[in-house]
Amino acid sequence: MKLGILGAGELGRTFSDIARSMGIYDAIIFYDDFNSVTFTGERTYGDQNAMIKDFEAGKIDEVAIAIGYEHLQEKQEMFHRLESKVCFAKLIHPSAVIDETACLQDGLIIHAGCVVGPRTIIERGVFLNISGAVSHDAKLGSSTFCGPGVKVAGNVVVGSSCYLSTGVTIGTGVHVNSGWTVAAGAVLIKSVGALPVENQFLAGVPARIKLRS
Ligand SMILES: CC(C)(COP(=O)(O)OP(=O)(O)OC[C@H]1O[C@@H](n2cnc3c(N)ncnc32)[C@H](O)[C@@H]1OP(=O)(O)O)[C@@H](O)C(=O)NCCC(=O)NCCS
């Protein structure tokens, strides 16, 4: 199988590391709408239109979208745009432990050492970085991005396009609305009801609303 990765930066390289560890892809190639070379200096195969053409021509079988935490809304839109045109890869590092009752949607990426518990739902385009843990009956909404070591307790609901930074912990049953950023090391013990406001994020132990300076 051949994998195309849209996004030739460092995140794309991480996705290609995970794909390589799976041992099922005999080629991994990069596309990028803004750069003609990859993070390591090789030429890309063109932009997203070139990627769609290559998919239609059978030159690639699956696609991974490597758009980072600064552009999660764009990532969500990219998935909508491409869903009828390509097949999304589900990249799961072989060291991850996934309960058989977990529901994992196409287009998600799960890195090394993650643990995903029973009856969890992880939606399209979620990235769970190294050593993440999602306990039972939790849900991570589409295109949510989790930094290394994020811990999500049982019955948590995280909306779409959230950015949970390195080491965030979310307590049992807490709900996080779509679009929120949670700063590194924050511990959420209560649900966050308000709609996201530009320049606000959650930080600290216990987490409180902060304004970007
Ligand atoms: C969420 C984040 C990106 C916000 O960064 P930012 O927009 O530059 O935030 P600012 O520097 O403007 O900080 C605004 C306020 O929040 C505080 N703050 C920022 N990050 C904080 C944190 N992790 N914990 C506690 N307080 C924090 C600042 O001290 C500042 O407080 P003040 O107004 O009292 O001075 C950043 O906190 C973060 O989590 N970075 C980690 C990135 C990371 O690990 N990514 C992994 C990707 S794989």
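An oxygen atom of the ligand is 3.3 Å from an N or O atom in the side chain of K210. Another approach involves R212, where a side-chain N or O atom lies 2.5 Å from an oxygen atom of the ligand. The backbone takes part as well: at A184, a backbone N or O atom is found 2.8 Å from a ligand oxygen atom. Taken on its own, the ligand has 930 Å² of accessible area, and the protein covers 54% of it; such areas come from the Shrake-Rupley method with a 1.4 Å probe, and for residues only the protein chains shown count as cover.

The model described here is predicted: local features need pLDDT of at least 70, side-chain atom pairs count only at pLDDT 80 or more, and totals for chains, interfaces and linings use all residues. Residues are numbered from 1 along each chain as its sequence is written, and side-chain values use heavy atoms, with hydrogens and water left out.

Which residues come nearest to the ligand? Among the 16 residues around it, these are Y163, T166, A184, R212 and S213. A residue is counted as near if one of its heavy atoms lies within 4 Å of the molecule or strand in question. The shell consists of nine nonpolar, five polar and two charged residues. In this division, Ala, Val, Leu, Ile, Met, Phe, Trp, Tyr, Cys and Pro count as nonpolar, Asp, Glu, Lys and Arg as charged, and the others, Gly among them, as polar.

The strands may be considered next. Helices (H or I, at least four residues) and strands (E, at least two) are DSSP runs, numbered from the N terminus, and two strands pair if DSSP finds at least two bridges between them. One open sheet has five strands in the order β6-β9-β12-β15-β18, with parallel pairing. Its edges are β6 (103–104) and β18 (175–176); each has a single partner strand, so one side of each is left without a neighbour in the sheet. Within this sheet, β12 (residues 139–140) and β15 (residues 157–158) run parallel and are joined by two bridges. The bridge partner of L140 in β15 is V158.

Another open sheet, of six strands, follows the order β5-β8-β11-β14-β17-β20 with parallel pairing. Here β5 (97–98) and β20 (187–188) stand at the edges, and each has a single partner strand, so one side of each lacks a neighbour in the sheet. Two bridges in the parallel sense connect β17 (residues 169–170) with β20, and I170 stands opposite L188 in β20.

Towards the start of the chain, β1 (residues 2–6) pairs in the parallel sense with β2 (residues 27–31) over five bridges. L3 stands opposite I28 in β2. Why is β1 described as largely enclosed by the rest of the structure? Four of its five residues are buried, so the strand is largely enclosed; buried means under 20% relative accessible area, exposed over 50%, and partly exposed in between (1.4 Å probe, protein chains only).

The aromatic residues form a further theme. The whole structure contains seven aromatic pairs, where rings of Phe, Tyr and Trp (its six-membered ring) pair if their centres lie within 6.5 Å, planes under 30 degrees apart counting as stacked, over 60 as edge-to-face and the rest as tilted. The ring centres of F127 and F145 are 5.1 Å apart and their planes stand at 70 degrees, so this pair is edge-to-face. The pair links distant parts of the chain, 18 residues apart, with F127 in β10 (residues 127–128) and F145 in β13 (residues 145–146). Both F127 and F145 are buried. Ring pairs also link F15, Y69, F127, F145 and Y163 into a cluster.

Three loop residues complete the account. E123 lies between β9 (121–122) and β10, and its relative accessibility of 17% counts as buried. The side chains of E123 and K139 are joined by a polar contact of 3.5 Å. A polar contact is a pair of N or O atoms within 3.5 Å; within protein, one must be able to donate a hydrogen and the other to accept it, and residues adjacent in sequence count only if both atoms are side-chain atoms. S143, in the loop between β12 and β13, is buried with a relative accessible area of 0%. Its side chain makes a polar contact of 3.3 Å with the side chain of Q76. Is F34, in the loop between β2 and α2 (48–56), buried or exposed? With a relative accessible area of 76%, F34 is exposed.
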